[in-house]
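Here are my notes on the structure you sent. They are set out as numbered points for someone who has not seen it before.

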Amino acid sequence: MGVIVNKNDQQNDELSRRISADLREKALKSSGVLDDEETPDFAEDSEYIKDFKKTGRFGWVWVVLIVLAIISIILIVML
């Protein structure tokens, strides 16, 4: 004698999907993180960066000058 079990996989899949979505939502709410875009970044408010200024439009000039200085030192030493 055998028992035939008819299992509705589609209904169970839908139920497990809803349960996992609900648990994921609850975990995100409890951690206080909703999205990466909404997560505050307190680096600019920290004491370490308080008196720093942002790099201006011509910050690349300093990089070019330093590279030229290094090249000129290498050329002077080799010649």
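1. Of the 79 residues of the protein, 0% count as buried. The model is a predicted one. Its accessible surface comes to about 8,300 Å², and carbon and sulfur atoms account for 62% of that area.

2. The secondary structure is quickly listed: the protein has two helices and zero strands. Helix 1 covers residues 9-31, and helix 2 covers residues 59-78. The points below take the salt bridges in helix 1, then the nonpolar patch.

3. How many salt bridges are there? The count comes to three. As background, side chains of opposite charge can pair when their charged atoms come close.

4. R17 and E14 form one of these salt bridges, with 2.6 Å between the closest N and O atoms. The two residues are three apart in helix 1, so about one helical turn separates R17 from E14. R17 has a relative accessible area of 46% and is therefore partly exposed. E14 is also partly exposed, because its relative accessible area is 36%, and the range for that class runs from 20% to 50%.

5. K26 pairs with D22 in a salt bridge, where the closest N and O atoms are 3.6 Å apart. Both residues belong to helix 1 and are four residues apart, about one turn of the helix. D22 has a relative accessible area of 36%, so D22 counts as partly exposed.

6. E25 and K29 also meet through their side chains in a salt bridge, at 3.2 Å from N to O. With their positions four residues apart in helix 1, E25 and K29 are about one helical turn apart. Are these two residues buried, partly exposed or exposed? E25 is partly exposed, because its relative accessible area is 42%. K29 reaches 56% relative accessibility and so counts as exposed, the cut-off for that class being over 50%.

7. Which residues make the nonpolar surface patch? The patch is formed by F58, W60, V61, W62, V63, V64, L65, V67, L68, I71 and L75, and its area is about 1,100 Å².

8. L68, one of the patch residues, lies in helix 2. Its relative accessibility is 49%, so L68 counts as partly exposed; a residue has to be over 50% to count as exposed.

9. To sum up, the predicted model has two helices and zero strands, three salt bridges and a nonpolar surface patch of about 1,100 Å².

Terms used. Residues are numbered from 1 along each chain as its sequence is written. This is a predicted model: local features need pLDDT of at least 70, side-chain atom pairs count only at pLDDT 80 or more; totals for chains, interfaces and linings use all residues. Side-chain values use heavy atoms; hydrogens and water are left out. Patches are made of residues with over 30% relative accessible area and no salt bridge: like charges are joined within 9 Å, nonpolar side chains (Val, Leu, Ile, Met, Phe, Trp, Tyr) within 5 Å. Accessible areas come from the Shrake-Rupley method with a 1.4 Å probe; for residues, only the protein chains shown count as cover. A salt bridge is a side-chain nitrogen of Lys or Arg within 4 Å of a carboxyl oxygen of Asp or Glu. Buried means under 20% relative accessible area, exposed over 50%, partly exposed in between (1.4 Å probe, protein chains only).
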